[in-house]
Amino acid sequence: MAQRRRRSKVVSVRRKRPINIDLVFFGAVAVYICVICYMGMSSEHIAGYEVNAGSLSVNHTYTGFAVRQEKIYSAGTSGYVSYYAREGERVSGPSLVYTIDEKGEINSQIQQNAENVDLTDESFSIIRSTIRSYMNEYDPLQFSGVYDFQYTLEGSVMDLMNQNMLESLEETEGNSMFSSVYAEDIGILEYYMDGYEEVTVEGMTEEMLDPAGYEKQSLKKELIQAGEPVYKLSTSEKWSLVVPLTEEEAAGFQQEERKFMEVEFTSDHTRAWAEFSVIHVGAAPCARLDFNNSMVRYAGNRYIEVEFLVEDQEGLKIPNSAIVEKEFYLVPKKFKITKDEEEGFLKEVYDENGQPSAEFVVLTLYYEDEENYYIDPKESDFSTGREKLPIGTYLVNEDTQERFQIGMNRTLQGVYNINKGYTQFRQINILFQNEEFALVEEGTKYGLTVYDRIVLNGTSVDEDEVIYK
């Protein structure tokens, strides 16, 4: 009998796999990166900006309201009207402005004769000379010169037509149905009205500063009724332009004590000097420009665009996004004292028995005017976390025993300085401002200096907020 094989009693044991250190390490790193990315995406970034000195290019182009000495003249009789003087032309007593034909027969005859104008050699010579002058002085960058050239030629042709018409008028003398009307005064002739002819600078309203909706009515008609307006004269070279300003611009010009202003009219790039003053039209601050010339060039316009030729201001240039407004308590200067070489105030406190006493408290000063210091309402004691001057607190003057209750406040414009790693409000005086940047005064007591670092987005932080760099 074959010998049975002996069964093996060896039991296989499943081994535990060793921990993969590399996998754990890289897994932890991946989790850390995900957490950092999430925190970076979900938290608000606080960016800084370094303050530098410089100038600010400010757009000083404005649209102003023209105030002139103007008078409207009306037709004495009804009939068909023909005009003989050119708009924008200076006229006087001998100048024929228009004629009125009550039936229209003579007027038609004159118009037919005017169409048969024969130019003489002398007339052609004048026109050729005008064209040569324009070609010699042509500037492709001054397109407005094209219109001046057009008006000059039109004026020359009008003069020729008027000569022919005047010859025809001699044949109508003695006709009671036909009358010639001459200028009643000396001035610049216009054939429009807009209802602002009698307005003075003192009588202006805020609505007049806005050109939107402005309309003017042409006075030129084929048939006119007696008593209807027929032409207008601007009778004085002295005229004014009233230009709306912002509050900051008005304050800046007043601070300069400017008396005169050089301007450039954008329509034809002509420059002129004017007496300058800051006035108010209603509640709107405005610049008043008083001219002694140039009226004839712009008599046809009520709203005129000009550019103030002023030098760019120098100061500290900061982005508008950094500017914030903050409220402060106002504390009279007479309550400030010095104790142990520290400046502060005495506030009234009470013990357990209700007995009053004075406690010295050091406070940060953010600004001062002639009478008051500006104190942060939320300034706290670092040891207790309590506000140093809760609303309603009384300050005491030891010398006079006078008391002052905290509560009166005022708003200041400023930025948050982060030179020390936390936010500190700094007051600013804005000189000029455009859409992106503001130019602020340098060297103010509680303000900024060159190379200060400020929060780029001022509304994203509060006072004494720690900035992690």
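Phe26 sits in helix H1, the element that spans residues 21-42, in what is a predicted model. Its relative accessibility is 56%, and because residues over 50% are classed as exposed, Phe26 counts as exposed. Phe26 is also one of the residues that build a nonpolar patch on the surface, where Phe25, Phe26, Val29, Tyr32 and Ile33 together make up about 550 Å².

From this nonpolar patch we can turn to charged side chains. Side chains of opposite charge can pair when their charged atoms come close. The structure holds 20 salt bridges, and three of them are set out below, each with the distance between the closest N and O atoms.

| Salt bridge | N to O distance | Relative accessible area of each partner |
|---|---|---|
| Arg90 and Glu237 | 3.2 Å | Arg90 48%, Glu237 24% |
| Arg258 and Glu256 | 3.1 Å | Arg258 25%, Glu256 33% |
| Lys336 and Glu343 | 3.4 Å | Lys336 23%, Glu343 41% |

The bridge between Arg90 and Glu237 has its closest N and O atoms 3.2 Å apart. This pair links distant parts of the chain, since Arg90 belongs to strand S6 (residues 90-91) while Glu237 lies in the loop between strand S13 (229-234) and strand S14 (239-244), 147 residues away.

Are the partners in the third pair, Lys336 and Glu343, buried, partly exposed or exposed? Partly exposed is the class that lies between under 20% and over 50% relative accessible area, so Lys336, at 23%, is partly exposed, and Glu343, at 41%, is partly exposed as well. Beyond single pairs, salt bridges that share partners join Arg68, Glu70, Asp194, Glu197, Lys232 and Arg302 into one network.

A further feature to look for is the second largest pocket, which holds about 650 Å³ of space. It is lined by 29 residues, and those closest to its centre are Lys326, Tyr366, Asp376, Glu463 and Asp464. Strand S20 (324-332), strand S28 (409-417) and strand S29 (424-427) are the elements that each give two or more residues to the lining of this pocket.

Which element gives the largest share of the lining of the second largest pocket? That share, 6 residues, comes from S20. When the lining of the second largest pocket is sorted by class, it has 13 charged residues, 9 nonpolar residues and 7 polar residues.

Definitions and conventions. Residues numbered from 1 in each chain as written. Predicted model: local features only at pLDDT ≥ 70, side-chain atom pairs only at ≥ 80, totals over all residues. Heavy atoms only, no water. Patch = residues over 30% accessible without salt bridge, like charges linked within 9 Å, V, L, I, M, F, W, Y side chains within 5 Å. Areas by Shrake-Rupley, 256 points an atom, 1.4 Å probe, with all protein chains shown as cover. Salt bridge = Lys/Arg side-chain N within 4 Å of Asp/Glu carboxyl O. Helix = DSSP H or I, 4+ residues; strand = E, 2+ residues; numbered from the N terminus. Buried < 20%, exposed > 50% of the residue type's maximum accessible area, 1.4 Å probe, protein only. 1 Å grid on protein atoms, 1.4 Å probe; cavity = no way out; pocket = protein on both sides within 12 Å on 5 of 7 lines; lining within 4 Å. Points joined across faces, edges and corners; volume = space filled by probe spheres on them. Nonpolar A, V, L, I, M, F, W, Y, C, P; charged D, E, K, R; others polar.
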